[in-house]
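Visitor: Please take one part of this model and go through it closely, giving the cut-off behind each term as it comes up.

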Amino acid sequence: MHYKASLNIMIALTKLNGDSFTLNAIYIEQIQSNPDTMITTTQGKKLLVKEQEEIVVKKIKRFYREVGLFRIAGQAGDDD
């Protein structure tokens, strides 16, 4: 049960070699496609993934909605 709960703070991704892994979406700083999708973390680590950039962004948005951060970010953007 503890393991399953910890996955709620992660997004599932796939390495180029087909191995699956999970990543805490809060630590994603940048996503680039040329043509492979590269994720740069806030610690500077670079990860190449099979998922297209748009799919990764959708997973991040879903994660933020689940933890309530998407609503907060949207409200903060309304005031700018």
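Guide: In the protein chain, 36% of the contacts (heavy atoms within 4.5 Å) with a separation of 6 or more are between residues 24 or more positions apart. The model is predicted, so local features need pLDDT of at least 70 and side-chain atom pairs count only at pLDDT 80 or more, while totals for chains, interfaces and linings use all residues. Residues are numbered from 1 along each chain as its sequence is written, and side-chain values use heavy atoms, with hydrogens and water left out.

The chain has 3 helices and 5 strands; these are DSSP runs numbered from the N terminus, helices being H or I of at least four residues and strands being E of at least two. Their order from the N terminus is α-β-β-β-β-β-α-α. Of the 80 residues, 26% count as buried, meaning under 20% relative accessible area, with exposed set at over 50% and partly exposed in between (1.4 Å probe, protein chains only).

The part to look at is the sheet. Strands E3, E4 and E5 form an open sheet in that order, with antiparallel pairing; two strands pair if DSSP finds at least two bridges between them. E3 (28–33) and E5 (46–49) stand at the edges with a single partner strand each, so one side of each is left without a neighbour in the sheet. Neighbouring strands are turned by 25° against each other on average, direction ignored. Such angles run from 0 to 180 degrees between N-to-C directions, and the axes are lines fitted to C-alpha atoms, for helices over the stretch in contact.

Take the E3 side of the sheet. E3 and E4 run antiparallel and are joined by 5 bridges, one of which can be placed by the pairing of Gln30 with Thr40 in E4. The two strands form a hairpin with 3 residues between them. Pro35 lies in this loop between E3 and E4, and the peptide bond joining Asn34 to Pro35 is cis, with omega at about -25°. Most residues other than glycine have a negative phi, and most peptide bonds are trans.

On the other side, E4 (residues 37–41) is joined to E5 by 4 bridges, again antiparallel. Met38 has Leu48 of E5 as its bridge partner, and Thr37 is partnered by Val49 of E5. This hairpin has 4 residues between its strands, and Gly44 in the turn has a positive phi of about 90°. In E4, 4 of the 5 residues are buried, so the strand is largely enclosed by the rest of the structure.

In a regular strand the side chains alternate between the two faces of the sheet. E5 follows this pattern: Leu47 and Val49 point to one face and are buried, whereas Lys46 and Leu48 point to the other and are not.

Helix H2 (residues 53–67) packs on the sheet and touches E3, E4 and E5, its direction making about 155° with that of E3. Two residues of H2 can be followed further: Glu53 and Val67. Glu53 counts as partly exposed at 26% relative accessibility. Not counting residues up to four places away in sequence, Glu53 touches Ile31, Gln32, Ser33 and Thr37. Between Glu53 and Pro35 there are 9.6 Å from C-alpha to C-alpha, at 18 residues apart in sequence.

Val67 is also partly exposed, with a relative accessible area of 38%. With Ile26, Tyr27 and Leu69, Val67 makes a nonpolar surface patch of about 330 Å². Patches are made of residues with over 30% relative accessible area and no salt bridge; like charges are joined within 9 Å, and nonpolar side chains (Val, Leu, Ile, Met, Phe, Trp, Tyr) within 5 Å. A salt bridge is a side-chain nitrogen of Lys or Arg within 4 Å of a carboxyl oxygen of Asp or Glu. Accessible areas come from the Shrake-Rupley method with a 1.4 Å probe, and for residues only the protein chains shown count as cover. The accessible surface of the protein chain comes to about 5,900 Å², and 53% of this belongs to carbon and sulfur atoms.
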